[in-house]
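The following paragraphs lead the reader through one structure, step by step. Please keep the sequence and the three-dimensional view at hand while reading.

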Amino acid sequence: MTRKEFRERYRMSGNLTRKRVLKYLPFLLMTNLSNLLLISVDGIVVGNFCGSNALSSVNIFYPITIAIGVISTIISTGIATSLSVCMGENDQDGIARLKHAAKLLMILSSVFIAVFQIPIVYFLINSYHLSEEMHNLTWAYATGVMISMPFGIISTIGVYELQIVGKMKPLMVLSIIEGVINLVMDLLLVGAFRIGIAGAGYGTAIANVIRATLTVIILYKQTEIFDCRGKKSTFKDILNIITTGIPEASFSAVIALTNYLMTKIILMGFGETGGSILGVCSFTLNLSLVFINGLQGSMRPLAGLLSGSNDWVGLRLLLQQCCLIAMSVLFVYTVLVFLFPGVFFHLHGIKEMSGEGAMSLKLFSTCFIFRGVNALDRLYFISRGKKKFSSLLTTFGGLTLPLFALLLIHTAGNEFLWLSYLFTEALICIVYSIRYFRLRKEDKTEDEKYVDHLYMTVEPHEAIEASRSIRQYAKDRGLSDRIAYRISLCLEEMVSYAVASQKSDKINIQIVIRFREDGAVFMMIDDGECISLDADQEKQALITDNYKMMAALAKTVKYQYILDMNYTIFTF
């Protein structure tokens, strides 16, 4: 069998990663939908009960919320990505130290935000130069939201920690509870008790306090995220978390800055009523982010696992699968927004939609597809360790947004400034694509360091034939017969165990084999039942009928049951 014939027959299909993404996605969609309810319900409630000025004030304050949330983004995404990669590397000591660092940073960052936010909010609200009425409305709403901020960072960190340990159901329940409480509190305080826009802020605070408390309880009771096994974090561990989170945080920081500048430009073009158009556009964007963030969250733990094992082929395949899903769904959503803009205005209590308001929303919706693809690309490059590149591109691309907006508002008219979102996201997407193909060439060069390498998807019924094919392939390529034979035996045994334990051959198996001059590495991921661990669960030794045989065949065997999958690494 030639190399081409072998690789065509056993080419990595990505069935395993696709199945995992689609399994996680519904839980994260429900979670993000609940988060949308938390974010957007304030605008919807005050728009219907308090009028368009109150709606404008909520959206005028929104960029400030994002600016303060940059700290939580640094810590939470840094923790999630660092832990995922460490799990992929099977570094138990590193995982324990990162857990300790995560616990420490959760406390320190919430205290820091409680103090740090006060001067930021004061300065930014005053910088808008609002009318007295709008200034008072914005401060009335800000008070409650500021109370919620320190608790919000605890919840945000908890979200990412629950994701990486695969606790999607508790995550969904927490988000639903928070969203429902916020809605009920808003309706009571704003609608029933007539507190006004301040009631929406206090409703958010109450919901955040309850969510943060429940999050800590669930993390303590249902996970081992607080179990550091006596290990203490080092400054290097803390620095690693922070630097890993900077690319995603730079994205949030740029969004905060550009949203602030765009709010000022929109107020310049439309007056203070422009805040209501901004509110409707933001709501449609947040609806798209329900899906985008859900898909990114489903991709994140798998990306960490694959990058931790340097499986760049599997990681690229995962990115391609997720991008295809994103483009398909977001295209349909964009068409719906373009055809029915009035629905979104009516939802916010705006019964008479202006012509420029409808055109603004239609033009704004054209950026959704590029936004989704860029979010997935950003996670891909972060997982590849290209943090600086991702940060610089995000910063540069984001800062072009107000420049495009100013150019369009002066050359084409007020409503055309919304096309600036499309231009910016398209620019970022083009640069990501160029870097992606360059990185792919670098991967080919890196693979040349090995004598040979195979990336395979093997169906259970193909295990014996695949085993024979690997031996024949090694013989044809002049590779070690002894090592190829040992890999084949381990492959057959692992597949046999997976089928027997699940009592089904509906198992997805993804394999990477890297041959060296004097050895090989064999990695296998499958979604069979968890392979039993020893009683104290410390050594994580495989207990199969022929475990001793496999341990004797290989120099080392490392095993984890992670993300509901068996992940095993043999070195020969």
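In the loop between helix α6 (residues 168-192) and helix α7 (residues 197-222) lies Arg194. The model described here is a predicted one. The backbone of Arg194 adopts a positive phi of about 55°, although this residue is not a glycine. Is Arg194 buried or exposed? With a relative accessible area of 59%, Arg194 counts as exposed, because the term applies to values over 50%.

A second residue with a positive phi is found in another loop. His129 belongs to the loop between α4 and α5 (residues 132-164), and its position is just after α4. Its phi is about 55°, and His129 is likewise not a glycine. The relative accessibility of His129 is 67%, so this residue is classed as exposed.

Helix α4, which precedes His129, deserves a closer look. This helix covers residues 92-127 and contains 36 residues. From its first C-alpha to its last, α4 reaches 49 Å, which is close to the 52 Å expected at 1.5 Å a residue. Where does α4 bend? The bend, of about 35°, is at Phe116, and a proline, Pro119, follows within four residues.

Helix α6, on one side of the loop that holds Arg194, contains Gly179. The relative accessible area of Gly179 is 0%, and the residue is therefore buried. Gly179 and Val41 are 138 residues apart along the chain, yet their C-alpha atoms are separated by 8.6 Å. Another pair presents a contrasting case: Leu427 and Ile470 are 43 residues apart along the chain, and 44 Å separates their C-alpha atoms. Leu427 lies in helix α15 and is partly exposed, with a relative accessible area of 29%.

The path now turns to the strands, beginning with β1, which comprises residues 452-457. Why is β1 described as largely enclosed by the rest of the structure? The reason is that 6 of its 6 residues are buried. In a regular strand, side chains alternate between the two faces of the sheet. In β1, Asp452, Leu454 and Met456 point one way, while His453, Tyr455 and Thr457 point the other way, and all are buried.

Strand β1 is joined by 6 bridges to strand β2 (residues 509-515), and the two run antiparallel. Within this pairing, Asp452 stands opposite Phe515, and Leu454 stands opposite Ile513. Strand β2 is also largely enclosed by the rest of the structure, because 7 of its 7 residues are buried. Ile509, Ile511, Ile513 and Phe515 point one way from β2, whereas Gln510, Val512 and Arg514 point the other way.

From β2 the chain continues into strand β3 (residues 520-526) by way of a hairpin of 4 residues. These two strands pair in the antiparallel sense over 7 bridges. Phe515 has Ala520 as its bridge partner in β3, and Ile509 stands opposite Asp526. Phe515 thus takes part in both pairings, facing Asp452 of β1 and Ala520 of β3.

Strand β3 is mostly covered, with 7 of its 7 residues buried. On one side are Ala520, Phe522, Met524 and Asp526, and on the other are Val521, Met523 and Ile525; both faces are covered. Strand β3 also pairs with strand β5 (residues 565-571), in the antiparallel sense and over 6 bridges. In that pairing, the partner of Met524 is Thr568.

Finally, strand β1 and helix α15 meet again in the description of a pocket. The second largest pocket holds about 490 Å³ of space. Of the 15 residues that line it, the closest to its centre are Arg11, Val313, Arg316, Arg440 and Tyr455. Which elements each supply at least two residues of this lining? They are α1 (residues 3-9), α10 (residues 312-339), α15 (residues 419-447) and β1. By class, the lining consists of 9 charged, 4 nonpolar and 2 polar residues. Tyr455, one of the residues closest to the pocket centre, is among the buried residues of β1 and points the same way from that strand as His453 and Thr457.

Notes:
Residues are numbered from 1 along each chain as its sequence is written. This is a predicted model: local features need pLDDT of at least 70, side-chain atom pairs count only at pLDDT 80 or more; totals for chains, interfaces and linings use all residues. Side-chain values use heavy atoms; hydrogens and water are left out. Buried means under 20% relative accessible area, exposed over 50%, partly exposed in between (1.4 Å probe, protein chains only). Two strands pair if DSSP finds at least two bridges between them. On a 1 Å grid over the protein atoms alone, a cavity is a set of points where a 1.4 Å probe fits but cannot get out, and a pocket is an open set with protein on both sides within 12 Å along at least five of seven lines; lining residues have an atom within 4 Å of a point. Grid points are joined across faces, edges and corners, and a volume is the space filled by probe spheres set on the points. Ala, Val, Leu, Ile, Met, Phe, Trp, Tyr, Cys and Pro count as nonpolar, Asp, Glu, Lys and Arg as charged, and the others, Gly among them, as polar. The expected span of a helix is 1.5 Å times one less than its number of residues. The bend at a residue is the angle between axes fitted to the seven residues ending there and the seven starting there.
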